[in-house]
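Reader: Please show the sequence and the structure, so that the questions may follow from them.

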Amino acid sequence: MIRADASAGLLMDVPFLPSPHHDLRPSGVVPDLIVVHGISLPPGEFGGAWIDDLFLGRLDASAHPYFAAIAHLRVSAHLLIRRDGAVTQYVPFALRAWHAGASSFAARAGCNDFSIGIELEGTDEIPYTEAQYAALAEVIVALRVAYPSLRAIAGHADIAPGRKTDPGASFDWMRLEALLQHETIAMQRGIGDARLMLTLA
Ligand SMILES: [Zn+2]
């Protein structure tokens, strides 16, 4: 059972690797949105410490041809859920992680200000694992207990359409909805399968 310590802004009993890629949320802003992402490094390959390294600002640009183009990026997420469901935290929830980029949700721009970013190790094409859905649902429930302000879950593609595609068609929103059935949820359907999101009531 995953639980969040709201005063520390950390999940309990989860490895915390502090990322330098963060800053303060705007004064008085509490997170109300969970943004689900997909990431794999190199693309399509799973395992290894490359995602940790990217978020910690220490990715070796020479380790893979793809890394040269991204090693300079100053990006992070609050959490990563690996293929086996293992969770890692990089930024405390009270702070702003740098995961969304240019984005908007419900007519508000700059989703990093008011969101918690969760990366799933995966791609737009390869189905995410059962362990990842289970861990994601557990994390969402724990976050909702610690942060009752959380009201919605969206994919990165939903808040940055045309620019981002993750977590992709491989992410099964219905499956997440089923796992969260004890939460009060209304699913909102947008344009096409990629634009599904969950509203928590
Ligand atoms: Zn993303």
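Reader: Which residue in S10 does Val35 stand opposite?

Author: This is a predicted model, in which local features need pLDDT of at least 70 and side-chain atom pairs count only at pLDDT 80 or more, while totals for chains, interfaces and linings use all residues. Residues are numbered from 1 along each chain as its sequence is written. Strands (DSSP runs of E, at least two residues) and helices (H or I, at least four) are numbered from the N terminus, and two strands pair if DSSP finds at least two bridges between them. S4 and S10 run parallel and are joined by seven bridges; in S10, the residue opposite Val35 is Gly117.

Reader: Which residue in S10 does Leu80 stand opposite?

Author: S5 also runs parallel to S10, with three bridges joining them. Opposite Leu80 in S10 stands Glu119.

Reader: How many residues of S10 are buried?

Author: A residue is buried if 20 or more other C-beta atoms, placed from the backbone, lie within 10 Å of its own. Ser115, Gly117, Glu119 and Glu121 point one way from S10, Ile116, Ile118 and Leu120 point the other way, and all are buried. S10 is therefore largely enclosed by the rest of the structure, the buried count being seven of the seven.

Reader: Which helix gives the most to the largest nonpolar core?

Author: A nonpolar core is a set of buried Ala, Val, Leu, Ile, Met, Phe, Trp, Tyr and Cys residues joined through C-beta atoms within 7 Å. The largest one has 47 residues, and those with the most contacts inside it are Leu33, Ile34, Val35, Ile118 and Leu136. Among the elements that each supply at least two residues of this core are S4, S10 and H2 (130-146). With seven residues, the element giving the most is H2.

Definitions and conventions
Buried ≥ 20, exposed ≤ 12 C-beta atoms within 10 Å, placed from the backbone.
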